[in-house]
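Reader: I have a model open in the viewer and would like to talk it through with you. Could you take my questions one at a time?

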Amino acid sequence: MATAENVLKPDFGAQRKHFIFEPHHDELRESIRRFVLKELTPHAEEWEETTFPDSVFHRMGELGFLGLSVPEQYGGQGGDYYANLVLAEELTRAESGGLAMGVAVHTDMATPPILAFGTEEQRQRYLTPAMRGEKIACLGITEPDAGSDVSGIKTRAVRDGDEYVINGSKTYITNGHRADYIVLVTKTDPEAGYDGFTLFLVDMDLPGVIRERKLVKLGMHSSDTALLAFQDVRVPADAVLGTVGKGFYHIMWELQGERLIGAAGCVAGAQHVFEKTLQYAQERTAFGRQIGKFQVTRHKFAEMATKIESARQMVYVTAWRFVNGEYPVREISMAKLHSARVAVEVADECIQIHGGAGYMKEYGVERVWRDMRLNRIGAGTDEIMLDVIGRSYGL
Ligand SMILES: Cc1cc2nc3c(=O)[nH]c(=O)nc-3n(C[C@H](O)[C@H](O)[C@H](O)COP(=O)(O)OP(=O)(O)OC[C@H]3O[C@@H](n4cnc5c(N)ncnc54)[C@H](O)[C@@H]3O)c2cc1C
């Protein structure tokens, strides 16, 4: 309640009581942060050159960070979805966008469909070891000729007795070189439109699975990105994940979680580079004063902070709705679109505030811009998000 005393001075440093995070989330945040700062961040530079090692998955599995919201019977921690947001946020402190992405593909993109649609046997065989960090997962949707238009994929799975034979190609696949298995989107009935898709769980060491090429990228250098080929790959009929013919709907559901977690990472990444730049603006001087004290710079920070806060609120409110049983596709698309744009704009402004230092690799700000730039493309481009939002109004 407002009193004469507490309205005197705005409390900018207040630890706000949070509407989604509880004390146990704060404890989790602390423990993930300790791990990230001690075991990941010091290697950020090195992993830009080498990609991050598989041991990161093993270690995170050991610490219980890979299955935060997965039931304990499948090797998880039995927490709620907000725990995944905490992980996505804290991983940005590793200062390695590629690492955060590689882990998120494993935890929030490739494995949730196994929990949601998998059989008990599939969960034990693929989900449990993934949560323990013993198996690494990747997700194969995009193809050389079809990205935004998922319905245009050509990878075929044809039934042959008790097996399916898979032929096709997938590209830009994160973790594609290191993965033990792939959640693969295929067409089983090209005549059936949206009802002709089927997901498969495919072991990456099967004959005919070819890791063709490591792709070289603008950013996210610490992640591996693969071009994959599938040539007469034979899988048993029980490798089908979910329902035959319902793969398109399964993967559209998966994309919602992927977009929301990506949005959370964008907000946290923007916040992190904002804080680094704030410190720089307080230390760097020009014309006899801190650059942060120029009104133009102060306003840049104000603009950035406002954008970040607006994106954060969208992510949290949308996550709250998601957790409370709604399926807010329009708002997830908005949160994804807005957060990705904000992250890129903030990173760009932070380069500007750093001046020449912002252009130098050693300050790590240019890396944030390069890494963040992906978010306007991956998991659905800005244009596709706008289309989803626009169509939701019946247009
Ligand atoms: C580093 C990286 C990692 C990735 N990881 C994975 C992964 O692990 N698994 C996976 O399956 N995929 C992954 N992707 C693929 C990513 O999701 C796609 O690149 C993305 O969905 C866009 O598809 P596209 O590249 O084929 O672009 P296209 O679909 O060819 O689009 C090209 C341009 O056309 C625009 N466009 C297309 N359709 C429309 C439309 N209807 N209206 C308006 N504009 C339109 C797009 O917005 C874009 O600007 C990754 C991509 C990158 C770059």
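Author: Gladly, and please keep in mind throughout that this is a predicted model. To begin with a backbone detail, helix α3 is followed by G64, and the phi of G64 is positive, near 80°.

Reader: OK, staying with that helix, which residues of α3 are buried?

Author: Helix α3 covers residues 55–62, and its buried residues are V56, F57, M60 and G61. Looking down the axis of α3, one finds these buried residues within an arc of 130°, so they line one face of the helix.

Reader: And what do the buried residues of α3 pack against?

Author: Their packing partners are two other helices, α5 (97–110) and α7 (120–131).

Reader: Let me zoom out. How is the protein divided into domains?

Author: The assignment gives domain 1 as 23–135, domain 2 as 138–245 and domain 3 as 249–391. The contact between domain 1 and domain 2 takes 22 residues from domain 1 and 18 residues from domain 2.

Reader: On the domain 1 side of that contact, which elements each supply at least two residues?

Author: Those are α2 (44–50), α5, α6 (112–117) and α7, with α5 giving the most, namely nine residues. By character, the residues on this side of domain 1 divide into eleven nonpolar, eight polar and three charged.

Reader: Switching to the ligand, how many residues surround it, and which are the closest?

Author: The ligand is surrounded by 23 residues, of which I141, G147, S148, T381 and E383 are the closest. The elements that contribute two or more residues to this shell are β1 (137–140), β3 (163–174) and α13 (382–391).

Reader: For setting up a calculation I care about chemistry, so what is the split of nonpolar, polar and charged residues in that shell?

Author: The shell around the ligand has eleven nonpolar, nine polar and three charged residues.

Reader: And where does the ligand lie relative to the domains?

Author: Since domain 2 and domain 3 both give residues to the shell, the ligand lies between them.

Reader: Last topic: which residues have the most contacts inside the largest nonpolar core?

Author: That core has 110 residues, and those with the most contacts inside it are F200, V202, V346 and A347. Helix α8, residues 247–283, gives the most to this core, with 15 residues.

Reader: Taking V202 from that list, what does V202 touch?

Author: Leaving aside residues up to four places away in sequence, V202 touches I166, Y181, I182, L184, V209, V233, V235 and A239.

How values were computed:
Residues numbered from 1 in each chain as written. Predicted model: local features only at pLDDT ≥ 70, side-chain atom pairs only at ≥ 80, totals over all residues. Buried ≥ 20, exposed ≤ 12 C-beta atoms within 10 Å, placed from the backbone. Helix = DSSP H or I, 4+ residues; strand = E, 2+ residues; numbered from the N terminus. Arc of directions from axis to C-beta. Contact = placed C-beta atoms within 7 Å. Near = placed C-beta within 6 Å. Nonpolar A, V, L, I, M, F, W, Y, C, P; charged D, E, K, R; others polar. Domains from an automatic or database assignment. Core = buried A, V, L, I, M, F, W, Y, C linked by C-beta atoms within 7 Å.
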